[in-house]
Amino acid sequence: MPGCYRLGWRHGLIEEVTKARDVGVNSIVLFPKIPDVLKSSTGDEAYNENGLVPRTIRLLKDKYPDLVIYTDVALDPYSSDGHDGIVREDGVIMNDETVHQLCKQAVAQARAGADVVSPSDMMDGRIGAIRAALDANGFQHVSIMSYTAKYASSFYGPFRDALDSNPRFGDKKTYQMNPANYREALVETREDESEGADILLVKPGLPYLDIIRLLRDNSPLPIAAYQVSGEYSMIKAGGVLKMIDEERVMMESLMCLRRAGADIILSYFALQAGR
């Protein structure tokens, strides 16, 4: 992904955040890449309070107390299987056992200073469970941005390659949504609202403008859109090949997400667009 790099928690990260703040971008999302030796079938490293993400949150909050930090809540970066949930011997994703781990992960992130925890795992019932766990530990003020409509999309490829996070076997179609199905997004919206989500996210972004509008028209909650790695990379590649005007297409794509109803946009273009 041109212009995107893994940043060390001590070196590179602060500089990148400083550049973003200088152009008015004061919200960031953290995605970890941990060594394989720390991965396990149950992803226990996800809630290590001295792990990569909690250390990074504390470092950033010490430097920039007003920085808004979103975190990713899912097991795939910590799983030796590469899936968002714990995998049974026969290949079935174990929903409730995974949710138990996600609650501990969210609390560890909140304790480190996260402002918004963002469950991207697509397990059933995780929003209500995470809300209860946060509240029980005194983190009523920490918000939840739910990946409400996260599709089993082919647009995630560059991100998974960058973080070496492809599933070791199978795919994610049993828990992520079918790209052909828009009605399920309404079911997920109602569930997440009732369980206490504060923000509803649609992923990917531009190929799913109808889903963004669907959620916008059916929920009073803020709607977020994730302009994913494949979207970013295609625009970058088109620009390099001189087939499109990269900057104009970038800005138009962001405007389209906004027009469709997105209040919040997650984008690898954030720094470039801010400039």
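Colleague: Which residue in S9 does Gln227 stand opposite?
Modeller: This is a predicted model. Strand S8, residues 223-227, pairs with S9 in the parallel sense over four bridges. Opposite Gln227 in S9 stands Ser267.

Colleague: What is the order of the strands in the open sheet?
Modeller: The sheet is built of seven strands with parallel pairing. Its edge strands are S1 and S9 (264-267), each of which pairs on one side only. From one strand to the next the twist averages 25°. The order is S1-S2-S5-S6-S7-S8-S9.

Colleague: What angle does the direction of H3 make with that of S2?
Modeller: H3 packs on the sheet, where it touches strand S2 (68-73) and strand S5 (116-119). Taken between the directions of H3 and S2, the angle is about 160°.

Colleague: How many residues apart in sequence are the parts that Arg111 and Glu49 tie together?
Modeller: The side chains of Arg111 and Glu49 meet in a salt bridge, N to O at 2.6 Å. Arg111 lies in helix H3 (residues 95-112), while Glu49 lies in the loop between strand S1 (27-30) and helix H2 (52-63). The pair therefore ties together parts whose separation in sequence is 62 residues.

Colleague: Is Glu49 buried, exposed or partly exposed?
Modeller: Its partner Arg111 has a relative accessible area of 41% and is partly exposed. For Glu49 the relative accessible area is 32%. Buried requires under 20% and exposed over 50%, so Glu49 is classed by the range in between. Glu49 is partly exposed.

Colleague: Is Lys39 buried or exposed?
Modeller: Lys39 forms a salt bridge with Asp36, with 3.3 Å between the closest N and O atoms. Asp36 has 52% relative accessibility and counts as exposed. Lys39 has 17% relative accessibility, and the limit for buried is under 20%, so the class follows directly. Lys39 counts as buried.

Colleague: Which residues are linked with Asp121 in a network of salt bridges?
Modeller: One salt bridge joins the side chains of Arg126 and Asp121, at 3.1 Å from N to O. Arg126 is buried at a relative accessible area of 2%, and Asp121 is buried at 0% relative accessibility. The residues linked with Asp121 in the network are Arg126 and Asp192.

Colleague: How many salt bridges does the count come to?
Modeller: The rule asks for a side-chain nitrogen of Lys or Arg within 4 Å of a carboxyl oxygen of Asp or Glu. Among the pairs that meet it are Lys39 with Asp36 at 3.3 Å and Arg126 with Asp121 at 3.1 Å. By this rule the count is 14.

Notes: Residues are numbered from 1 along each chain as its sequence is written. This is a predicted model: local features need pLDDT of at least 70, side-chain atom pairs count only at pLDDT 80 or more; totals for chains, interfaces and linings use all residues. Side-chain values use heavy atoms; hydrogens and water are left out. Buried means under 20% relative accessible area, exposed over 50%, partly exposed in between (1.4 Å probe, protein chains only). Helices (H or I, at least four residues) and strands (E, at least two) are DSSP runs, numbered from the N terminus. Two strands pair if DSSP finds at least two bridges between them. Axes are lines fitted to C-alpha atoms, for helices over the stretch in contact, and angles run from 0 to 180 degrees between N-to-C directions. Contact means heavy atoms within 4.5 Å.
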